[in-house]
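The exercises below concern the contact between two chains in a predicted model. Work through each task with the structure open before reading its solution.

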There are 2 protein chains.
Amino acid sequence: LHDLAAVCEAIRSLRVRGAPLLGLVGAAGMALAVSTTGVTIRSLEEAALTLKATRPTAVDLGRAVDSALAAAAAVPEEQRVSLLWDRAEAMLAAQAAVDNALARNGAEVLQGLAPGPVLTHCNTGALATGALGTAFAVIAEGHRREFVTACFATETRPLLQGARLTAWELRKAGVPATLLPDTAAASLIASGQLSAVITGADRIAANGDTANKVGTYGLAAVAARHGVPFFVAAPMTTVDLGCPSGAAIPIEFRATGEVGGFAGQRWAPDGLDAYNPAFDVTPADLIAAIITERGVATAPFEESLRQFAATPRR
Amino acid sequence: LHDLAAVCEAIRSLRVRGAPLLGLVGAAGMALAVSTTGVTIRSLEEAALTLKATRPTAVDLGRAVDSALAAAAAVPEEQRVSLLWDRAEAMLAAQAAVDNALARNGAEVLQGLAPGPVLTHCNTGALATGALGTAFAVIAEGHRREFVTACFATETRPLLQGARLTAWELRKAGVPATLLPDTAAASLIASGQLSAVITGADRIAANGDTANKVGTYGLAAVAARHGVPFFVAAPMTTVDLGCPSGAAIPIEFRATGEVGGFAGQRWAPDGLDAYNPAFDVTPADLIAAIITERGVATAPFEESLRQFAATPRR
């Protein structure tokens, strides 16, 4: 992406998505703007508005753009190009450090299990965080250490992130990959061949209840029936200690048109009503451990999560 | 469908599918053959081979075709046209009687619950049985009697029978319908708005363990966690008393190409391995009742199912 317009198009068309990655793209977008369209605050303010308008509800994007703008305003014009590029690169390095720590912590958890294949849902790799990813990074690191022999990936309807993104990333990482319809996950878990189920998280309440891509709760519920450990791998930015439990997490409902079709192809009759929540909530009692970059939380989760949150960053 | 070639094309292209409907189409196909291509046994044998070759593993199709051929061979040539048409119509009437009894029995079960919406999976209506359907007939009858206020239908990946067929049939039957991705079923069940989950069955073991379209087991497991009753509605032909439990039911695995795409559209990288079982097994302890045309079986299922099987047909 060589200019601001290309960055905005990539965000709008969802060619870049995932909260941490959108933050990185916001920071890099501001750096591109200062390099290509001008160093004045007026020009940067315009770039910031343009970038934020691409996805107004993306918190990480807005935060990264605003913070770049404020930082640029605090220094003379001639320092702004190098400052914004340095900030974007530092942000990527920080994300890589988080993902690395998370991967190491997760691999240690998997090391305690019998080696075998794992099941994951949605996309949590580089295409989501810009660095190694979250659950994906744990799986890749587990495979490198030979505790994860293979990875099953759900298609992840309705937006098919598993089929489109995770399958591609697994192959790229050299992890033997098998795709399955979301409907086949329960029988796969029941078949007894998995050593674990591991997913990311969109928001983790203080008690450990976890909102993640819709479909996660069903996987966790079936895993519990079969004694297959269910792990959540997510950075501490996902932990919301102000939110006491899953019941307090608002669930976004998305356009009905995403159901009954994909990318212009329609399978269902037109005009049908659809139930299309973006997330579901997995109750803490179904979660064997929450893997973060600061450590691995087990029940009672609140204690560990508060302790991790209080740990000063190194 | 006005000739044998059209019937064969409809079967091969899956425009007609569903075990009972394929039986009816086999019987009607033989009647069309005797009317349009000739009354000799040689000609009917050829028609039978052609029909059976369209889907060699469809038991109901093969059985109906062979039985029509044997019946035709037992009478003089001039009686064959009316005999085969009468047999096909009698078969449809028998199917309608089964579906009607099943619908009435099921509606009585639903009458015992608080009125509300139900969730179903895959397709179990006229497009599956040729008459009223199984689980679908129960839902439609429950709606007519005002105990079923609406029906949620899963998309049912990978072949999307819910999105393509059930959604259309619900609208046609005047039942308020909402489509959902398979991934959203668990959160819908957890939301507390359903009065029941109800599906069909492909094969029911003597102990009540039930093989049905892949994805059914996950629905039943989550329904059990939330105290939502899970019902199976299926004709007695589905009950296999020679099969002691679900462990003895063979599960068909289908082509990997069905996963990661649909109808020529591909979402996943090429050449990826896929886990694609056609069915899964729901253990009997998750099933509140098995609704048949002969009565409603509850735990211990084997006793009731053997009793229903021993009941002479009226």
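**Exercise 1.** Determine how many residues of each chain take part in the contact, and what area is buried between them.

*Solution.* Begin with the residue count: 54 residues of chain A are in contact with 54 residues of chain B. Next take the area, which comes to about 4100 Å² between chain A and chain B, with carbon and sulfur atoms giving 64% of this value. Finally, ask which residues supply much of chain A's share: Thr183(A), Trp267(A) and Tyr275(A) together account for 19% of the area that chain A buries against chain B, more than any other three residues.

**Exercise 2.** Describe the polar and charged links across the interface, and the elements and residue classes on the side of chain A.

*Solution.* Count the polar contacts to start with, which gives 22 residue pairs between chain A and chain B, both residues of each pair being at pLDDT 80 or more. On chain A, at least two residues of the touching side come from each of several elements, including helix H8 (161-172), helix H10 (216-225) and strand E9 (261-262). Sorting the residues of that side by class then yields 30 nonpolar, 14 polar and ten charged. Turning to salt bridges, the rule finds two across the interface; one of them can be examined where Arg157(A) pairs with Glu155(B), since the closest N and O atoms lie 2.5 Å apart, which is within the 4 Å cut-off.

**Exercise 3.** Identify the strand of chain B that is joined to E11(A), and state how the two strands run.

*Solution.* Following the bridges from E11(A), one finds that two of them lead to strand E3 (residues 177-180) of chain B, and that the strands run parallel. At the level of single residues, Ala274(A) stands opposite Leu179(B) in E3(B).

Conventions. Residues are numbered from 1 along each chain as its sequence is written. Chains are lettered from A and ligands numbered from 1 in the order in which they are written. This is a predicted model: local features need pLDDT of at least 70, side-chain atom pairs count only at pLDDT 80 or more; totals for chains, interfaces and linings use all residues. Side-chain values use heavy atoms; hydrogens and water are left out. Contact means heavy atoms within 4.5 Å. Buried area is the accessible area (1.4 Å probe) that two parts lose on being put together, summed over both. A salt bridge is a side-chain nitrogen of Lys or Arg within 4 Å of a carboxyl oxygen of Asp or Glu. A polar contact is a pair of N or O atoms within 3.5 Å; within protein, one must be able to donate a hydrogen and the other to accept it, and residues adjacent in sequence count only if both atoms are side-chain atoms. Helices (H or I, at least four residues) and strands (E, at least two) are DSSP runs, numbered from the N terminus. Ala, Val, Leu, Ile, Met, Phe, Trp, Tyr, Cys and Pro count as nonpolar, Asp, Glu, Lys and Arg as charged, and the others, Gly among them, as polar. Two strands pair if DSSP finds at least two bridges between them.
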